Amino acid sequence: MRTAEEFGSLLSTTADNKKPFYNYCVMLAFCLFLVACPYTLAADIDYPLIYTRTPLDAAQWFGDSRAEGMMASDFYEGSQLVLRNLKGEFRVITTGFHSACDPDVSFDGKRILFSGKKKQSDNWNVFEADLAGGTVRQITRDFGNCRHPRYMSTFYTIVAPGPWYTLAFLSDHSRELTEFGGARSTDIYSCKLDGSGIQRLTYNPSTDFDPLMMPDGRILYSTWQRNLPEQGRRGRIDFFTINTDGTDISLFNRQGKNIKQMATITPTRLVVFVESDSLPWDGAGSLGTIRLNRFIKGYRALEVEAGLYHSPSPLPNGQLLVSRRPADGSGNHDVFLLDLEKEEVTPLVTDPRFHLLQAVAVAERKIPDGRSSVVNEKDPNGQLFCLDITNSDSEEFSSNILALARKARFIEGVPATASTGTGKPDYLNKRILGEVAIKADGSLFVEVPANIPVKVQLIDENGMSLREGTWIWVRNHEPRGCIGCHEDPELVPENRMVDAVTRPPSRLTLSPSKRRSVSFSDSLVPVVEKHCSTAACHGEGSNHVIYLPATNGDTDRTRKLYETLTEGTSDASQMPGEYVHPGRARTSPLIWHLMGKNTSQKWDNVPDTKKMSPMGPSLSPEELRMFVEWIDLGAHWELPVSDQSDQASQDAGR
């Protein structure tokens with residue numbers, strides 16, 4: 001058995017011995033067991049490698065992907081980290097662990113972070129290994145399942161004596177369920193290298209994952225967005241960015257296929273990632289690229305050999321490591337070299353006994369820019385402002401919105417938790433924080449509670465949403481701003497002082513018990529029975545095609561009434577139904593009937609239809625608004641989470 005010094009010497013020189021390499025060894029003291037070597041090497045590189053080897057029966061044990069192909073299975077049970085040194089020797093470096101995966105090499109190339117479980121019954125935790133000395137220390141504990149750790153650059157505040165290094169990781173500590181239901185969502189957290197000072201950074205109601213530090217010090221990550229009706233039931237997984245304190249969430253890229261993940265950045269500032277329209281069990285797919293200097297519109301698919309690719313990782317020489325298995329889904333993952341200029345892949349490490357994934361080079365890399373923070377946890381709120389709602393990616397919207405919009409409605413997303421959820425795909429509950437008037441120049445300025453999901457709907461005189469944005473949030477004391485409504489973030493706004501920010505913000509900081517929501521069973525049944533369940537309308541004795549009988553307080557009949565109105569959809573779906581389009585009242589035929597006209601807008605691209613005949617007895621403005629809000633908030637049957645819930649317990653872990 002080699003000593004650490006002997007093994008370090010083995011790795012300190014390149015294969016041709018013409019230039020010095022790194023004067024450190026790549027090993028852990030607890031793992032010097034030689035691995036039998038049935039491997040074949042069809043190519044070579046000048047750097048030691050660490051990769052994850054996963055049992056071949058992972059697919060058998062962990063099944064298919066989850067959430068209709070939007071989430072990969074977590075198949076890393078029983079996996080181990082393997083080191084390949086410069087002489088082509090292989091060693092398991094995580095003996096003593098039941099499972100280990102997700103390696104990330106420090107900027108100086110002397111340490112690695114990884115996710116590990118000492119015992120099968122343990123939660124996943126983050127560990128750091130000193131590659132020269134072989135010592136391993138645990139960083140996270142008692143904080144749910146912690147995965148995908150990533151080294152981050154320096155972080156500092158104006159009152160701190162000096163900067164410190166941090167790391168990012170994923171955790172399901174909040175116990176919140178994804179909008180699709182069932183599975184716990186993961187959020188991005190940060191902490192100091194000793195595990196102290198844990199901070200939650202993302203508050204998307206569905207899952208966030210694959211954090212990556214960019215050269216400018218921001219975090220690029222994949223986020224599952226299900227909140228916009230046009231995205232369909234499954235939604236999309238796109239790239240967003242945040243600062244290292246969780247502030248300033250911004251869209252990075254929405255081009256390409258439906259699911260984008262596993263991003264990495266090359267020394268030439270090219271983002272390389274895995275994309276797919278529906279995930280297989282392991283999350284593999286084809287490869288795409290985005291140029292950092294044109295991130296919104298810089299997407300291009302890589303024209304490489306067909307296959308299912310996984311976990312790209314850059315080499316200092318501009319090439320990439322990437323795992324691949326056959327395009328037909330058969331076989332196992334091996335490690336390949338990817339030449340971006342030639343768009344060619346060459347086998348590097350193969351082993352028919354395992355899937356070989358997450359390969360990273362043990363090499364130095366440039367430290368990204370450090371970041372400071374404006375977050376002050378003594379302030380329970382943050383601020384949101386918009387410079388001009390007419391700044392948009394749609395000419396139809398930009399030229400018409402000021403004449404139509406009267407206010408902006410701010411909505412809170414309330415995720416179900418492992419204790420309150422039904423286990424079914426529940427459409428996320430929403431509560432109204434409040435509404436504010438839009439200034440004549442299209443600006444607005446509000447103060448909202450920090451650390452909760454928030455979305456903005458521009459509404460007309462009937463309270464009907466004209467357009468809405470994705471889920472965002474503000475951190476404590478953060479001034480969060482946007483240029484417009486779905487504007488091009490690569491463009492600089494006009495240099496002018498807008499009306500809204502010349503005065504204090506409108507405060508939308510009601511306590512949770514006072515935030516209003518609307519559901520069918522709690523709010524609309526009396527209205528339907530009063531106006532619709534009559535012989536003159538759609539009730540007993542009417543001759544209408546749609547039959548809406550009185551329920552007389554019977555739960556089953558009330559549910560049937562709801563299902564009739566939401567035929568073709570439900571509160572478990574974002575697909576448009578025959579009468580109700582959850583999240584979009586203006587395109588819902590039910591609203592057309594109640595208002596006697598097609599209420600869709602030009603930017604909706606809804607085919608023009610003849611004027612709808614108005615209903616019999618007219619609704620009061622308050623009753624009509626209740627129908628509109630019910631649909632715009634998701635057309636729920638009932639509230640998945642009680643709107644009387646205590647915020648402190650509901651937001652535990654936030």
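These are my notebook entries on selected features of a predicted model.

**Entry 1: nonpolar cores**

I began with the largest nonpolar core, which holds 45 residues. I looked up which members touch the most other members, and found L384, I389, I401, F410, V448 and L458. I then followed L458 beyond its neighbours within four places in sequence. Its contacts there include I389 and I401, both of which I had already listed among the members with the most core partners. L458 also contacts F397, A408, I438, M464, L466 and C485. I noted K407, S465 and R467 among the contacts of L458 as well. Apart from this core I recorded another, of 26 residues, with V527, L561, V580 and V628 among them.

**Entry 2: the open sheet**

I next traced an open sheet of 4 strands and wrote down its order as β32-β26-β29-β33, with mixed pairing. Its edges are β32 (479-482) and β33 (506-507), each of which pairs on one side only. I examined the pairing of β26 (residues 381-386) with β32 and found it parallel, over 4 bridges. Within this pair, L384 has R480 of β32 as its bridge partner. L384 thus appears twice in my notes, since it is also one of the residues that touch the most other members of the largest core.

**Entry 3: the β4-β5 hairpin**

I turned to strand β4 (residues 99-105) and recorded 7 of its 7 residues as buried. β4 runs antiparallel to β5 (residues 111-117), and 5 bridges join the two strands. I located D104 opposite L113 in β5. The two strands form a hairpin with 5 residues between them. In the turn, G109 has a positive phi of about 75°.

**Entry 4: positive phi outside glycine**

I kept in mind that most residues other than glycine have a negative phi. Which non-glycine residues did I find with a positive phi of about 65° and about 50°? The value of about 65° belongs to R269, and that of about 50° to E343.

I placed R269 in the loop between β16 (259-265) and β17 (270-276). E343 lies in the loop between β22 (334-339) and β23 (344-349).

Are these residues buried or partly exposed? R269 has a relative accessibility of 46%, so I entered it as partly exposed. E343 has a relative accessible area of 16% and I therefore entered it as buried, the cut-off for that class being under 20%.

Conventions
Residues are numbered from 1 along each chain as its sequence is written. This is a predicted model: local features need pLDDT of at least 70, side-chain atom pairs count only at pLDDT 80 or more; totals for chains, interfaces and linings use all residues. Side-chain values use heavy atoms; hydrogens and water are left out. A nonpolar core is a set of buried Ala, Val, Leu, Ile, Met, Phe, Trp, Tyr and Cys residues joined through side-chain atoms within 4.5 Å. Buried means under 20% relative accessible area, exposed over 50%, partly exposed in between (1.4 Å probe, protein chains only). Contact means heavy atoms within 4.5 Å. Two strands pair if DSSP finds at least two bridges between them.
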